[in-house]
Amino acid sequence: MTTPTYDGPLTGALGALQRRIVACDACPRLVEHRRRVAVTPPARHRGSAYWAAPVPGNGDPHARLLIVGLAPASHGSNRTARMFTGDPSADFLTAALHRAGFASQPASRHRDGGLTLRGAFVTAAGRCAPPQDKPTPAELAACRPFLAEELRLLTKVRVVLALGRIAFDGYLRAVRQATGVDGIGRGLAFGHGVNHLLGEGLPALCCSYHPSPRNTNTGRLTASSLDAVLAAVRARLDA
Ligand code: SF4
């Protein structure tokens with residue numbers, strides 16, 4: 001299987017970073033997984049062309065909101081090549097982003113489906129789909145420099161929304177790596193609706209449960225509770 005190349009809309013240093021991400025094969029277990037699921041898809045995706053490569057971030061290069069997820073889903077972003085696109089998590093999150101004014105439409109089913117993020121950029125702690133949605137600590141550490149570099153390049157970000165505890169921890173580790181300040185965010189707790197101020201010059205950090213079916217089908221995360229988090233994000237951006 002040939003590794004695809006980045007041909008998204010981002011240019012300059014962000015575009016160059018996305019090209020490096022897409023070409024990465026540093027984690028053997030994930031390289032094997034992202035390709036294997038592409039050749040053994042479930043019936044609902046049989047005949048689909050899979051991306052089967054690292055998924056780059058996407059969105060507004062002047063974003064004031066940065067959304068950090070866990071990692072691509074095997075049959076979601078790993079298939080469509082776009083973060084939070086083509087699976088139930090994407091449906092849940094994109095509808096909420098649309099209600100909050102951060103997305104041009106309520107669904108993100110295909111990479112070229114016409115969605116534009118408004119003042120927001122979506123990325124993740126890991127860029128390759130992991131088995132059972134569980135990247136190892138070593139895989140997350142290997143991927144962290146990509147997030148740290150995005151943090152350095154997305155200079156307008158004022159609020160970060162971490163979707164789930166792994167995204168929360170991954171973001172804080174990336175901030176430490178990007179700034180070289182080891183004490184940032186140590187001891188902070190993750191919780192749905194919890195907000196943290198990390199210090200002068202750093203974005204506020206807001207938390208939500210991840211919009212995976214595991215959370216949305218059990219009622220742990222509801223549309224109204226995600227709307228409340230995004231309303232708080234909006235208020236913070238508008239303040
Ligand atoms: S998870 Fe990150 S570091 Fe590992 S292969 Fe994918 S892009 Fe590279």
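# Questions on a predicted model

Visitor: Is Leu66 buried or exposed?
Guide: In this predicted model, 25 other C-beta atoms lie within 10 Å of the C-beta atom of Leu66. A residue with 20 or more such atoms counts as buried. Leu66 passes that cut-off, and therefore its class is buried.

Visitor: Which residues are in contact with Leu66, leaving aside its neighbours within four places in sequence?
Guide: Leu66 itself belongs to strand 2, which spans residues 65-69. Once the neighbours within four places are set aside, the contacts of Leu66 are Phe121, Thr123, Leu154, Val157, Val160 and Pro203.

Visitor: How far apart in space are Leu66 and Pro56?
Guide: Along the sequence, ten residues separate Leu66 from Pro56. Taken from C-alpha to C-alpha, their separation in space is 14 Å.

Visitor: Which strands are the edge strands of the sheet?
Guide: The sheet is open and mixed, with six strands in the order 1-3-2-4-6-5. Its two edge strands each pair on one side only. They are strand 1 (58-59) and strand 5 (195-196).

Visitor: In which sense, parallel or antiparallel, do strand 5 and strand 6 pair?
Guide: Strands of a sheet may pair in either sense, through backbone hydrogen bonds. Here strand 5 meets strand 6 (residues 204-208) over two bridges, and His196 stands opposite Leu205 in strand 6. The sense of this pairing is antiparallel.

Visitor: At what angle does helix 6 run to strand 4?
Guide: Helix 6 (residues 165-179) lies across strand 2, strand 4 (159-163) and strand 6. Relative to strand 4, the direction of helix 6 is at about 140 degrees.

Visitor: Is helix 1 roughly parallel or roughly antiparallel to helix 5?
Guide: The axes of helix 1 (residues 12-22) and helix 5 come within 10 Å and cross at roughly 170 degrees. Angles over 145 degrees count as roughly antiparallel. Helix 1 is therefore, with respect to helix 5, roughly antiparallel.

Visitor: How many nonpolar residues has the contact of helix 1 with helix 5?
Guide: From helix 1, Ala13, Leu14, Leu17 and Ile21 take part. They meet Phe146, Glu149, Glu150 and Leu153 of helix 5. By class, two residues of this contact are charged and none is polar, while the number of nonpolar residues is six.

Visitor: Which helix gives the largest share of the shell around the ligand?
Guide: The shell divides into nine nonpolar, one polar and three charged residues. Of the 13 residues around the ligand, those that come nearest are Cys24, Cys27, Pro54, Cys128 and Cys143. The largest share, three residues, comes from residues 137-153, that is, from helix 5.

Notes. Residues are numbered from 1 along each chain as its sequence is written. This is a predicted model: local features need pLDDT of at least 70, side-chain atom pairs count only at pLDDT 80 or more; totals for chains, interfaces and linings use all residues. A residue is near a molecule or strand if its C-beta atom, placed from the backbone, lies within 6 Å of it. Helices (H or I, at least four residues) and strands (E, at least two) are DSSP runs, numbered from the N terminus. Ala, Val, Leu, Ile, Met, Phe, Trp, Tyr, Cys and Pro count as nonpolar, Asp, Glu, Lys and Arg as charged, and the others, Gly among them, as polar. Two strands pair if DSSP finds at least two bridges between them. Two residues are in contact if their C-beta atoms, placed from the backbone, lie within 7 Å. Axes are lines fitted to C-alpha atoms, for helices over the stretch in contact, and angles run from 0 to 180 degrees between N-to-C directions. A residue is buried if 20 or more other C-beta atoms lie within 10 Å of its own, exposed if 12 or fewer, and partly exposed in between; C-beta atoms are placed from the backbone. Angles under 35 degrees count as roughly parallel, over 145 as roughly antiparallel, 65 to 115 as roughly perpendicular and the rest as oblique.
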